[in-house]
Amino acid sequence: MLYLEIIDIYHIGSTSVPGLRAKPIIDMMPVVKDFNLVDTFNLEMRKIGNAAKGENV
């Protein structure tokens with residue numbers, strides 16, 4: 001289960017800065033216990049409306 005792997009979630013990007021003009025997308029960066037398991041959750045994340053962009057996007 002994904003929620004057992006997540007340690008924390010950070011709101012990053014332009015929408016996280018008060019007063020800064022931002023695109024209509026919220027960027028999130030989860031901190032996980034085992035980075036090697038991250039891609040195994042991509043399908044479940046897409047089902048709830050999130051788009052996996054990888055670590056270098």
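Start by selecting tyrosine 10, which sits in strand 1 (helices, H or I with at least four residues, and strands, E with at least two, are DSSP runs numbered from the N terminus). This is a predicted model, where local features need pLDDT of at least 70 and side-chain atom pairs count only at pLDDT 80 or more, while totals for chains, interfaces and linings use all residues. Residues are numbered from 1 along each chain as its sequence is written, and side-chain values use heavy atoms, leaving out hydrogens and water.

Is tyrosine 10 buried or exposed? Tyrosine 10 counts as partly exposed because its relative accessibility is 42% (buried is under 20% relative accessible area, exposed over 50%, partly exposed in between, with a 1.4 Å probe and protein chains only).

Next, add Ile7, Ile12, Met29 and Val31: together with Tyr10 they make a nonpolar surface patch of about 420 Å². Strand 1 (6-12) and strand 2 (27-32) each give two or more residues to this patch, and strand 1 has the largest share, three residues. Patch residues have over 30% relative accessible area and no salt bridge (a side-chain nitrogen of Lys or Arg within 4 Å of a carboxyl oxygen of Asp or Glu); nonpolar side chains (Val, Leu, Ile, Met, Phe, Trp, Tyr) are joined within 5 Å, like charges within 9 Å. Areas come from the Shrake-Rupley method with a 1.4 Å probe, and for residues only the protein chains shown count as cover.

Now move to lysine 33, in the loop between strand 2 and helix 2 (42-47). Lysine 33 counts as exposed because its relative accessibility is 58%. Leaving aside neighbours within four places in sequence, lysine 33 contacts Leu4, Glu5 and Ile7 (heavy atoms within 4.5 Å).
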